[in-house]
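Open the model in your viewer and keep the sequence panel visible. The stops below go from the chain as a whole to single residue pairs.

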Amino acid sequence: MLKVGIIGLGVGERHASIYENDPRCDLLGIYDFDDKKLKYLKSKFPNVKVYNSDLDMLNDEKIDLVSIASYDNYHFKQILKAINNNKHVMVEKPICLNKEELSQIIKAKSKKKNIRISSNLILRANQRMVDIKNDISLSRFGDIYYLEADYFWGRIGKLNGWRSEMEYYSIILGAAIHMIDLIIWMLGSNPISVYALGNRLGSKNTKLEFNSFAVMLLKFPNDLIVKITGNGPCTHPHFHGVKVFGSKRTMIHNFSESYFFERSRSGIIKKDLSKQNFNNNKKDKIITNFIDSILNTELCPIVNQKDIYNVMAVCFAAEKSIMTKQMVNIAY
Ligand SMILES: NC(=O)c1ccc[n+]([C@@H]2O[C@H](COP(=O)([O-])OP(=O)(O)OC[C@H]3O[C@@H](n4cnc5c(N)ncnc54)[C@H](O)[C@@H]3O)[C@@H](O)[C@H]2O)c1
């Protein structure tokens with residue numbers, strides 16, 4: 001039995017349910033600095049221990065796996081402590097906020113080969129995205145020359161909460177990161193450079209003083225170009241849009257429909273894709289698969305440590321590009 005602790009009980013409540021319902025796990029304890037959340041979760045899972053602090057949990061030798069779902073600015077210190085105390089780590093995105101923190105995580109983790117770290121990049125578990133990845137690997141698009149991936153957040157109220165109180169909030173690390181990860185995963189290749197721009201025109205009426213929108217152009221080694229947006233203030237339902245343009249096929253995954261175009265002798269034909277896989281997020285899969293990979297060390301998790309380090313490197317380069325107004329080469 002893996003003994004699990006959870007820090008932060010917003011989306012962390014979902015983590016708690018996953019572990020609680022997995023016979024291989026014992027949900028040992030929870031911590032949140034909001035007493036109301038703690039009381040509510042304690043009533044839902046009466047057998048769990050309520051810790052007095054995050055450190056209290058992270059120093060508890062009984063805990064094997066910690067799920068970190070605190071605010072973005074706490075992840076780094078909690079991850080570092082968990083790694084140093086030999087605990088497996090499932091952390092919500094982003095794992096940290098800058099390059100220096102990332103280096104420290106990589107260094108600490110490199111000394112602890114027996115523990116695993118993953119991040120809840122859940123779009124990898126969306127069946128439509130899995131289908132697109134498969135079609136790419138089967139060369140169904142021909143030569144792919146351009147992709148677009150849009151993170152329509154559609155929850156502008158979130159820009160007023162803890163995100164607006166952070167010393168710095170990044171819409172790239174907070175939202176676009178999902179689309180960057182998705183594209184790298186689908187293509188099986190890392191971009192070499194990025195040019196990014198951002199603004200906060202759409203969120204002037206919120207408390208957020210940082211960019212709420214960002215657009216990035218990523219260049220891949222074979223000249224393939226990808227455009228990614230992190231769209232915080234959009235008047236649009238929460239959705240993850242993808243477009244793939246290849247020499248044989250164009251695929252559009254929009255909020256209202258999903259289809260592809262192919263050439264035939266009679267011209268360009270449209271094929272609608274089933275709605276079945278439209279928004280089919282198997283949200284629990286990333287965490288369940290992480291548990292699999294801890295218990296079977298021969299199994300690589302769907303989101304492995306290298307994947308996390310790579311997506312963070314792209315995000316930091318994009319942030320630098322916004323600041324310097326220059327194209328930035330990505331250092332992995
Ligand atoms: N993977 C995803 O798709 C996804 C979705 C939502 C949120 N997230 C991430 O999850 C994290 C939490 O977001 P949320 O939407 O659950 O926020 P939330 O405000 O709904 O809940 C966060 C909870 O964590 C608690 N908390 C924060 N920092 C803490 C700390 N240091 N110690 C103890 N408790 C702490 C807060 O009191 C709150 O109850 C963020 O990093 C966010 O980016 C990821």
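Domain bounds here come from an automatic or database domain assignment. With that in mind, colour the protein chain of this predicted model by its two domains: domain 1 covers 2-115, and domain 2 consists of 124-281 + 312-329.

**Whole chain**

Show the full cartoon. The protein chain has ten helices and 15 strands. Along the principal axes, its C-alpha atoms fill a box of roughly 65 × 40 × 40 Å. The radius of gyration is 20 Å, which agrees with the value near 20 Å that a compact globule of 332 residues would have. Of the 332 residues, 42% are buried. For contacts between residues at least 6 apart in sequence, 66% link residues at least 24 apart.

**Between the domains**

Select domain 1 and domain 2 in turn; their centres, taken over C-alpha atoms, are 28 Å apart. Ten residues from domain 1 and eight residues from domain 2 make up the contact. On the domain 1 side, select α4 (72-84) and α5 (99-110), each of which supplies at least two of the residues that touch domain 2. The domain 1 side of this contact comprises five nonpolar, two polar and three charged residues.

**The sheet**

Next, select the nine strands of the open sheet and follow them in the order β14-β13-β12-β11-β7-β10-β9-β8-β15. Pairing in this sheet is mixed. At the edges are β14 (267-272) and β15 (328-329), each paired on one side only. Now add helix α8 (residues 171-187), which packs on the sheet. Helix α8 touches β7 (144-152), β8 (193-199), β9 (213-219), β10 (225-231) and β11 (239-246). The directions of α8 and β10 make an angle of about 145 degrees.

**Two hairpins**

Zoom in on β12 (residues 249-253), which pairs with β13 in the antiparallel sense over five bridges. Four residues connect β12 to β13 in a hairpin. Which residue in β13 stands opposite Arg249? Select Glu262 to see this partner.

Continue from β13 (residues 258-264) to β14: these strands run antiparallel and are joined by six bridges. This pair is also a hairpin, with two residues between β13 and β14. Show the side chains of Phe261 and Lys270; Lys270 is the bridge partner of Phe261 in β14. Then select Arg263, which stands opposite Ile268 in β14. To finish, return to the edge of the sheet at β14, which pairs on one side only.

Key
Residues are numbered from 1 along each chain as its sequence is written. This is a predicted model: local features need pLDDT of at least 70, side-chain atom pairs count only at pLDDT 80 or more; totals for chains, interfaces and linings use all residues. Two strands pair if DSSP finds at least two bridges between them. Two residues are in contact if their C-beta atoms, placed from the backbone, lie within 7 Å. Axes are lines fitted to C-alpha atoms, for helices over the stretch in contact, and angles run from 0 to 180 degrees between N-to-C directions. Ala, Val, Leu, Ile, Met, Phe, Trp, Tyr, Cys and Pro count as nonpolar, Asp, Glu, Lys and Arg as charged, and the others, Gly among them, as polar. The radius of gyration is taken over C-alpha atoms; the globule rule is 2.2 Å times the number of residues to the power 0.38. A residue is buried if 20 or more other C-beta atoms lie within 10 Å of its own, exposed if 12 or fewer, and partly exposed in between; C-beta atoms are placed from the backbone.
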